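I opened the notebook to look up the open and enclosed spaces in this model, and then one acidic residue.

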Amino acid sequence: MRIFILFVFLTLSLFGANQCIVCHKGIEDIRDRNSSMMQEILKVADKAGHSGNDCIVCHGGNPKSKSIKYAHKGTVEYFKKNEGPKEFYPAPGSPWINKNTCGMCHKEQVEAQYNSLMMTEQGKIHGVLYSFGGLEGYEHTMANYDAKNPTDPHARLGTKAYKEYMAKLKKFNPQVYPDTNKQIPPAPTAKEATKHPELAAYTYLRNQCLRCHTGGKGRQKRGDYRGIGCASCHIPYSNNGFYEGGDKTIPHNKAGHLLVHQIQASRNSVVHVNDINYTGVPTKTCSTCHNRGKRIGVSYEGMMETKYNPTFDDKGNAQPRLHTKHYIHLKDDIHRKKGMLCQDCHTTRDLHGDGFISGATLAPVEIECQDCHGTTKRYPWELPLGYSDEFATKPAEGKARGVSKTLAKYLMKGTHYDPQDGYLLTARGNPYKNVVRKGDDVVVHLASGKDITLHPLKKLKEQEKISKKGLVAMDQISAHNDKMECYTCHDTWVPQCYGCHVKIDYSKGQKSVDWLASAHDHDLHGTTAQMRGTLKKHLIDGKVTETRSYLRWEDPPLVQNGEGRVSPAMPGCQVVITVIGKDGKAVQQNHVNMMPDYKHPDSNKTLPGVVMAAVHSHTVQKEARECESCHSNPKAMGYGIEGGKLFSDQTQDWSVGLKTADGKMIAQKFTIQKPHIDNFGIDWSRFVDVNGTPLQTVDNHWNLAGALSNEQRGKLDRRGVCLSCHKDIPEGNLAVSAMTHIAQMAEVTMDNKEHHSILNKILNIGAWFQIGAVVFVLLFGVYIAYAVFIKKRSINPRNRGWK
């Protein structure tokens with residue numbers, strides 16, 4: 001057999017073909033042989049002196065070796081003119097080496113990746129450090145590794161208008177757009193954490209929050225399998241992590257492998273697997289990471305986590321875990337139902353970054369709903385730049401943004417489309433490469449291959465295709481458009497995980513994986529410690545356990561987000577910290593840190609370090625939430641579920657058992673059922689009182705973000721409106737009593753429709769009566785004035801002709 005393989009090696013090398021497939025026979029072409037990308041790959045191989053061998057361009061290695069052992073050791077010589085890799089790269093997408101692979105063609109994206117949130121993870125780091133005692137204050141200084149912005153501000157990827165816009169945003173919120181980052185400290189030892197429990201934050205981060213860092217492959221659990229670097233998104237992995245391609249050398253029964261050896265990207269990048277062809281990056285790829293925190297990946301698919309595990313399969317097994325959780329299925333986002341993938345809205349700068357540091361998710365995202373849908377009064381191209389992305393409390397003003405006829409040169413390398421009447425612009429001034437104007441319509445070219453023709457709201461209004469309720473909300477009440485996000489109404493459910501109870505236990509020599517250190521332990525092949533099977537080198541002291549107080553999805557509360565607009569909210573890092581020391585005793589028990597009010601430093605006030613966060617949950621439905629779910633709901637106003645009245649004081653221990661009438665435990669041997677929480681005694685859903693006093697931190701990133709102001713809540717609050725009428729029904733006065741009696745005699749059925757009709761009549765009658773009264777008073781005043789004038793004139797002798 002060895003003689004045969006050696007013979008094939010020699011034969012193929014004589015003819016300059018791809019020797020790699022001697023062993024990897026049956027492996028899929030990374031792209032279709034006739035695709036423009038594959039043709040470019042083959043050109044590079046030819047220039048490098050490896051004609052016909054496309055593998056070498058991305059994977060490097062030494063295909064001319066006649067030994068399998070040395071084929072994966074790296075080339076003997078550089079490519080001609082030093083083009084391409086020298087070493088062997090089993091994972092070419094690895095960010096630690098992809099400047100030598102993907103970066104040969106996609107230089108801009110590869111250079112930008114290092115300052116992108118997917119690599120730095122600044123937002124998550126800041127959130128945890130805030131909850132553990134504000135370990136970096138209000139600044140965003142720490143990241144997964146040291147990083148800094150380019151010295152040339154013009155190096156930012158984007159149009160001139162975009163660069164100018166981002167410079168303004170940096171001035172508004174400099175703490176979220178830092179120039180440099182420093183790598184977070186190492187995890188503490190058990191001894192250090194026992195003495196300084198706040199350092200447990202770094203154990204928590206490194207073991208839990210930072211495993212989605214694209215510099216590593218992350219946790220290998222069902223639903224979490226993915227690649228590294230570029231391959232995190234561009235190489236398909238199934239939920240179960242099994243390879244289903246044709247290469248016999250890749251195990252088919254061992255989890256942790258790619259689904260098939262092909263690139264998923266745009267509509268021109270076709271993936272063939274199991275007699276199915278698809279294009280684009282499936283949403284499930286995104287949710288391998290976006291299933292914690294704001295949970296936008298799983299929420300987009302209608303998945304809401306639950307503590308329970310319904311339903312049973314045909315063998316009686318309960319629901320399997322996905323991302324280590326169980327789920328119920330609510331409604332998918334309407335965009336997903338239309339076939340839209342995440343990449344169909346989110347731009348390359350949203351995903352790859354623009355080359356500059358951004359400290360939270362709102363910072364790099366340049367898109368708004370109105371970019372495509374417009375408003376009922378203006379088409380998308382008639383809106384000014386910055387509309388709905390103001391980072392101010394007034395709607396953006398200025399000239400119409402128009403459209404663009406061109407794309408940046410580096411974007412032309414991928415799939416692009418005929419601009420028709422022009423590419424639509426994002427709120428920050430960059431063209432959408434897949435969204436174009438066609439007359440008064442918008443055409444969205446989906447990565448899946450489908451084209452959607454979208455009728456903007458202004459056109460729908462002209463065609464009378466918007467419901468009365470929709471017109472009232474979007475057209476008649478202009479404040480909704482000017483001061484709220486579209487998704488404030490259209491995100492009809494939001495995952496709300498109230499009370500995040502975290503225990504870091506340093507007793508009994510317990511250990512856990514430091515995912516960040518594993519990613520930093522990369523070799524010249526781009527493989528990390530995890531990929532090399534040496535995770536044991538990166539075990540740290542402490543074991544992390546998480547639980548929560550309760551879950552909700554309905555009636556999300558409202559806040560003002562960093563853009564200055566009213567937005568839905570969800571619990572952010574509502575962290576209650578328990579740290580078990582090396583000796584097994586709690587050095588912090590159910591502790592909530594009290595934090596300075598960083599946004600109002602002169603107030604000298606402190607706030608609990610539990611955070612509510614503004615969110616777009618990506619659960620958009622065509623039919624919006626009902627008016628009453630905000631205007632009659634104390635939870636929406638920030639007062640909590642049922643006004644926060646149902647929770648007992650959480651700062652007190654709660655015991656259950658045989659008790660006397662005055663509440664004393666009768667038995668001497670009893671266990672506290674629910675130990676107390678330090679510094680936080682109210683319902684987790686309550687974050688502001690009726691006087692406007694903040695009870696929790698609302699957003700720890702942006703200057704304008706916070707609970708709704710007294711004025712905003714005053715306009716929102718319409719509770720008790722029913723009493724306005726019913727306090728006088730049925731016998732409030734003679735007129736009301738008579739009307740009630742007549743309605744009873746006429747046997748009027750007072751259903752909801754009739755009730756609405758009566759209220760509308762009362763409103764119009766009352767309005768006309770008041771207008772009529774004003775007109776009558778004005779006319780009467782004019783009449784009196786005229787009468788007085790005539791009387792004075794009649795008694796004046798001169799006016800009577802006297803001499």
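I began with the second largest pocket, whose volume is about 1,900 Å³. On a 1 Å grid over the protein atoms alone, a pocket is an open set of points with protein on both sides within 12 Å along at least five of seven lines, a cavity is a set where a 1.4 Å probe fits but cannot get out, and lining residues have an atom within 4 Å of a point. I noted that the model is predicted, with local features needing pLDDT of at least 70, side-chain atom pairs counting only at pLDDT 80 or more, and totals for chains, interfaces and linings using all residues. Residues are numbered from 1 along each chain as its sequence is written, and side-chain values use heavy atoms, with hydrogens and water left out.

I found 36 residues lining the second largest pocket, with His 755, His 756, Ile 758, Leu 759 and Asn 760 nearest its centre. Which helix gives the most to this lining? I found that α28 does, with 12 residues.

I then turned to enclosed space and found two cavities of 30 Å³ or more. The largest cavity holds about 50 Å³, and its lining includes Trp 515 and Gln 530. The second largest cavity has a volume of about 30 Å³, and among its lining residues are Tyr 225 and Arg 226.

Last, I looked up Asp 597, which lies in the loop between β20 (594-596) and β21 (606-608). Asp 597 is buried (under 20% relative accessible area, 1.4 Å probe, protein chains only). I saw that Lys 605, the nearest side chain of opposite charge, is 6.5 Å away from Asp 597.

How values were computed:
Grid points are joined across faces, edges and corners, and a volume is the space filled by probe spheres set on the points. Helices (H or I, at least four residues) and strands (E, at least two) are DSSP runs, numbered from the N terminus. Buried means under 20% relative accessible area, exposed over 50%, partly exposed in between (1.4 Å probe, protein chains only). Lys and Arg count as positive and Asp and Glu as negative; His and the chain ends are not counted. A salt bridge is a side-chain nitrogen of Lys or Arg within 4 Å of a carboxyl oxygen of Asp or Glu.
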